[in-house]
Amino acid sequence: MSATIEQIREAISRTREARERVWQHRTTDAVITVLAQAAKNWLDPKSPWRKRAVEQAPATTGFSGAMVNEAVDLTFGAITYESLGELLDRELGNRRVLDEFCLRGRAHTRAMGPRLIAHFLAGNVPSPGIVSMCCGWLLRSANLVRVSTRDPVFPALFLESVREVDAELADCVATLEWPRSELALTQTAVGDADAVIAYGDDHTISALRQLAPPAAKFLGYGHKISLAVVAKEAMTEENLPRLAQAAAFDASVYDQQGCLSPHVFYVEERGQLGPRKFAAALAEAMAAYEARVPRGQLSVEEAAEVVKFRSGYEFAAASDRRIAVWTNPSGGAASPDNEPGRTSYAVIYDDSPAFRASCLNRTVLVKPTDGYKRVLDAIQKFAPSISTVGVAPMNERAQAFANELARMGVPRVCAIGRMQRPPLTWHHDGRPNLADLVSWTDLA
Amino acid sequence: MDQTGHDLQRRIVALIARGVAQPTTDEEFNQLAREVFAFQYERCAPYRAYCDRLKLGPQTVAHWKQIPAVPTSAFKSFALTCFPVGEAVAEFHTSGTTQETAGKHYLRTLELYEASIKPNFVEYLLGDYDELNGREARTAIGGHPDVGIGTGRPPLQKRLPMMVLTPSPQEAPHSSLSHMMGVVIREFGGENSQFYVKDGVLRVEELVRDLREAQAQHQPVFLLGTAFAFVHLLDHLARQRLRFEMMDGSRAMETGGFKGRSREMSKTELYGLIEQILGVPKARIVNEYGMTELSTQFYDDSLRVNHQTDCKAAPPWARVVIIDPNTGRETAEMGRGLVRVYDLANMWSIMCVQTEDLGVASGASQESGTIQFEVHGRAAGAEVRGCSLTAEDLKLE
């Protein structure tokens with residue numbers, strides 16, 4: 001149900017009042033403790049929060065219950081007392097600068113968070129929104145959170161779970177939902193904001209940037225794409241099963257709809273095992289993951305995208321030896337007397353080096369490559385759109401590759417298997433999370 | 001000589017010549033479709049390989065719905081023919097964007113291709129022609145046992161001038177649409193029929209001049225073109241504040257989507273503007289659904305039922321099935337899915353083509369097992385659920 005202008009105004013004044021109260025007598029350390037406790041309360045396999053999310057979130061996110069269950073672990077597992085503290089210490093130098101003047105170099109200084117942050121969440125991947133809310137709490141701001149229609153559940157439940165631990169702190173955040181097309185509501189929400197955090201496609205973000213007050217801080221996180229590279233050192237008989245399992249996890253989580261989800265795996269030739277072996281092992285591992293965590297139901301449009309993307313490869317694979325396709329054994333290109341051509345996962349081996357975005361929903365391309373240099377050539381022109389490049393193994397050569405990626409402006413390189421688990425301290429889209437939001441007062 | 005092929009072709013041409021009014025029964029269609037499948041399985045190596053992969057062949061396929069469909073994208077990477085490609089008399093290319101390879105449809109003969117154009121065109125675009133001009137059109141085409149070129153044309157003085165908003169077949173030899181327009185002008189077009197795209201540019205001034213003249217002479221006209229050419233024309237007329245009231249009997253045929261060619265417009269909006277600015281009533285505007293990879297076209301039934309409808313039906317020598325992309329099976333009643341076409345007139349290439357268009361079955365005939373359907377355009381509209389860029393987004397950059 002869409003919020004009204006009155007509800008938005010009321011939420012703004014309510015969270016602002018709460019912020020004034022909290023700000024008086026809560027230390028940053030106390031806030032960290034509350035958030036860590038609330039997150040921890042989700043992690044127990046029998047947690048009521050987890051249970052409610054698994055019941056409620058599939059309808060809007062489109063994920064299976066098992067996928068939502070994984071999302072709980074990925075999202076709240078990352079939020080701990082240590083990681084929250086580390087985030088503050090790394091970005092602000094010392095978490096206490098939010099509480100009092102601290103000596104930095106020769107001068108004393110302290111940091112203030114924005115009075116009011118308007119968060120615009122997007123999409124069905126819960127983690128970025130939850131982290132965004134945590135940042136607002138850490139900075140002791142008032143927070144108006146417009147939840148995504150694709151996931152109204154996680155933010156609202158997280159807020160409730162914080163309320164269970166500390167009602168006063170919870171009052172600093174309000175979650176509301178309204179359609180993107182309701183410009184007047186969006187205008188009301190951003191009109192008084194001192195900072196705007198926006199997730200979404202480029203169009204959404206630039207529209208919000210236009211609406212935000214000129215003086216407000218603005219952080220926009222656009223849609224991105226990810227890929228991975230397997231070097232020949234990793235292609236050994238011994239290593240392959242574990243590697244394939246890690247790769248299948250990265251590619252399957254969030255049904256490949258996240259910005260950290262790899263679309264293409266480049267596999268270096270001349271290893272003990274060749275790239276095709278990787279493709280076959282990846283398919284097997286994706287099948288195993290599918291059995292445990294089924295992909296969600298697709299709309300007709302989404303399934304049509306998948307069929308459109310795969311069918312050309314499936315046709316070609318029958319006669320062109322440069323192309324091979326692995327899908328679930330009951331699937332394949334369907335005909336009425338076959339088993340239904342289920343679309344639940346596919347690995348496509350294609351020896352053309354060109355980078356190509358997948359149709360999403362667990363369809364992965366595996367491409368052979370001569371080495372890191374060739375991968376750089378293939379992805380160069382997409383560099384501004386890349387979020388994460390997974391590598392295996394993380395050795396000296398991979399680090400040299402990471403240096404080249406850094407020069408291209410790629411914001412994150414990590415081991416395959418870790419692509420979907422960025423630490424809380426990561427530079428989301430290459431920027432700090434908190435440091436861009438605070439203002440400093442020096443006593444010097 | 002290719003006896004099997006020519007024999008099959010002769011029978012299909014005869015079926016087409018029966019006209020649109022007399023449907024094929026399921027057995028009748030099945031018989032020919034299975035023979036065409038066996039022919040294509042034998043002659044087209046990449047298709048055979050694909051069928052083998054699906055474990056489906058002439059021995060295992062009992063009903064035409066089991067015949068494996070070839071995705072349109074396969075026409076980009078394979079020459080899908082049942083004859084030596086060097087012997088092709090024409091090749092049609094898909095337009096697509098510049099970075100993509102074009103799909104190619106090679107023609108063994110124009111006879112079959114052109115034969116399939118005519119009765120369908122008469123039925124859906126000139127079906128009321130008999131009322132305007134006596135009964136020549138439908139009876140001559142539909143009733144003639146051998147619809148070879150040069151038979152059954154209405155007398156020249158009674159034809160509508162066709163104003164075609166595409167390049168001529170001479171200018172665009174690889175455009176199946178231009179070729180079709182050439183055929184319909186030759187067969188049914190009045191004396192002043194013309195192509196208005198010259199050297200790649202739509203000659204709006206000329207068009208406006210000719211529309212004015214037709215209006216002054218109370219001459220009904222027939223406008224044909226792509227949807228984006230119509231938008232271009234309408235934009236021009238709106239800017240110039242020009243309006244026409246074309247004579248009763250005027251009509252329009254529009255085809256194709258918009259993708260990247262002009263501002264996009266819904267069908268409702270487009271038809272509204274054609275009615276408003278050109279004075280051609282909505283009920284006399286017909287959408288054509290055709291594609292480079294096929295020989296047969298499909299039309300809205302508006303002119304026959306005398307009101308604007310999005311419903312199309314396959315002619316007797318073709319079938320359309322809506323496939324649920326989630327299961328690969330035919331959709332349950334009235335379900336949305338991907339349009340799959342079985343076109344006997346495609347016997348020298350691939351009969352069963354899986355398109356990328358979404359559509360819906362809007363009615364069914366018990367007798368022939370055929371459906372009525374609506375086409376909703378290319379499947380490119382999936383809403384992004386997460387935060388990953390998609391193939392479509394990346395292409396735009």
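Domain bounds here come from an automatic or database domain assignment, and the legends below describe a predicted model.

**View 1. The two domains of chain A.** The assignment splits chain A into domain 1 (5-223) and domain 2 (225-415). Taken over C-alpha atoms, the centres of domain 1 and domain 2 of chain A are separated by 33 Å.

**View 2. Where domain 1 of chain A meets domain 2 of chain A.** Staying with this pair of domains, whose centres are 33 Å apart, we can look at the contact itself: domain 1 of chain A brings 10 residues and domain 2 of chain A brings 12 residues. On the domain 1 side, helix H4 (residues 65-77) of chain A supplies the largest share, three residues. Sorted by class, that side of domain 1 of chain A has five nonpolar residues, four polar and one charged.

**View 3. The contact between chain A and chain B.** Here 52 residues of chain A come together with 42 residues of chain B. If you are looking for a landmark on the chain A side, try helix H13 (residues 300-317), which gives the most to it, with 14 residues. The side of chain A that touches chain B is made up of 24 nonpolar, 19 polar and nine charged residues.

**View 4. Arg212(B) and its surroundings.** Arg212(B) sits in helix H9 (residues 204-216) of chain B. This arginine counts as exposed because 12 other C-beta atoms lie within 10 Å, and the cut-off for exposed is 12 or fewer. Look also for Arg243(B): Arg212(B) and Arg243(B) are 31 residues apart in sequence, and their C-alpha atoms lie 9.7 Å apart in space.

Technical notes:
Residues numbered from 1 in each chain as written. Chains lettered and ligands numbered in written order. Predicted model: local features only at pLDDT ≥ 70, side-chain atom pairs only at ≥ 80, totals over all residues. Contact = placed C-beta atoms within 7 Å. Helix = DSSP H or I, 4+ residues; strand = E, 2+ residues; numbered from the N terminus. Nonpolar A, V, L, I, M, F, W, Y, C, P; charged D, E, K, R; others polar. Buried ≥ 20, exposed ≤ 12 C-beta atoms within 10 Å, placed from the backbone.
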